[in-house]
Amino acid sequence: MNEAALKSDTQDSDTQDSDTQDIVVDEVFPHALETIWKTLTSGELMARWIMAPTGFEPVRGRHFTFKTTPAGAWDGVIRCQVLEVVPNQRLAYAWKGGDESNVGYGSRLDTVVTFVLSRVENGTRLRLVHSGFVLPKNDAAFKNMSEGWKKVVQKLGAITDEQD
Amino acid sequence: MTEANLINAVMRTLADPTRRAVFERVVRSNEITVVELTRGSGVTQGAISQHLKSLKQAGLVAERPEGRNVFYRAEPEGLAPLVDWMSHYGAFWRERFTNLRTLLKEIDP
């Protein structure tokens, strides 16, 4: 049911290796498209499944924040700005946080979250694309870790995960 | 330490299966002593102590002496170099979609 795919989105750059990757979660919900749209665009409903936003309005250019677990020099604030609003179709916002001095969780983050809705036979398809993750330079080592390894890290990831 | 060194240090420390098992047990318990960790582990107390020392050096566990006992607890920050944003948000959004499914059932039964 929960299917997530990692999509490689290599952007060539002359200055340095700037591989960025996207997280994609794509699911069908047995609910009307308008209802799903509401859960994406009402601050009160967002708080019930994403995190509680401060200052959110589904208006292009609008700045808002999420507060999450701080790390080192980073206060844990995710700074967002609405980039695109197409009612009942598409919502995108910038999702920035972190600090240069951190590595891993809490490092500098400059990403974009995009939700795309479409009507399907038995409900609504919701596609989330969280794009712009810059991988650490020695990511090859990270990627080469065995599957068992990843499981450990995932399990332990819950510890540093956002707390509701 | 550079980012690469940090990641390498954590990876090296957790590459040993026994040490990883020790770490997982520390993570699962709030606080735990060497004696408790040794029980049922199949290795000696001395070996467990060595593993705890390595985990401590890598910043993965912290210790708190109390009387004759030393209590160990996990230091999740030590894993930060491994739990990068990408794996963090991969888990985050999958979890959020599950929340959304539950929320929709409530507001639109």
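I looked up B:Trp93 and found that, leaving aside residues up to four places away in sequence, it touches A:Ile23, A:Val25, A:Leu128 and A:His130; I took two residues to be in contact if their C-beta atoms, placed from the backbone, lie within 7 Å. I note that this is a predicted model, in which local features need pLDDT of at least 70 and side-chain atom pairs count only at pLDDT 80 or more, while totals for chains, interfaces and linings use all residues. Residues are numbered from 1 along each chain as its sequence is written, with chains lettered from A and ligands numbered from 1 in the order in which they are written.

I next went to the largest nonpolar core (a set of buried Ala, Val, Leu, Ile, Met, Phe, Trp, Tyr and Cys residues joined through C-beta atoms within 7 Å). It holds 26 residues, and those touching the most other members are A:Ile36, A:Phe115, A:Leu126, B:Trp85, B:Tyr89 and B:Trp93. I count a residue as buried if 20 or more other C-beta atoms lie within 10 Å of its own, exposed if 12 or fewer, and partly exposed in between, with C-beta atoms placed from the backbone. At least two residues of this core come from each of β2 (19-29), α1 (33-41), β7 (109-120) and β8 (123-134) of chain A and from α5 (85-107) of chain B, where helices (H or I, at least four residues) and strands (E, at least two) are DSSP runs numbered from the N terminus. The most is given by α5(B), with nine residues. A second, separate core of 17 residues includes B:Val26, B:Leu52, B:Leu55 and B:Ala74.

I then followed α4(B), where B:Ile48, B:His51, B:Leu52 and B:Leu55 are buried. They lie on the same side of α4(B) because they cover an arc of only 100° around the axis, the arc being that of the directions from the helix axis to the C-beta atoms. On the other side of α4(B) I found B:Gly46, B:Lys53 and B:Gln57 exposed. Just after this helix, B:Gly59 has a positive phi of about 75°.

Last, I checked the open sheet of chain B, whose three strands run in the order β1-β3-β2 with antiparallel pairing; two strands pair if DSSP finds at least two bridges between them. Its edge strands, each pairing on one side only, are β1 (32-33) and β2 (61-66) of chain B. Between β2(B) and β3 (residues 69-74) of chain B there are six antiparallel bridges, and B:Ala62 has B:Arg73 in β3(B) as its bridge partner.
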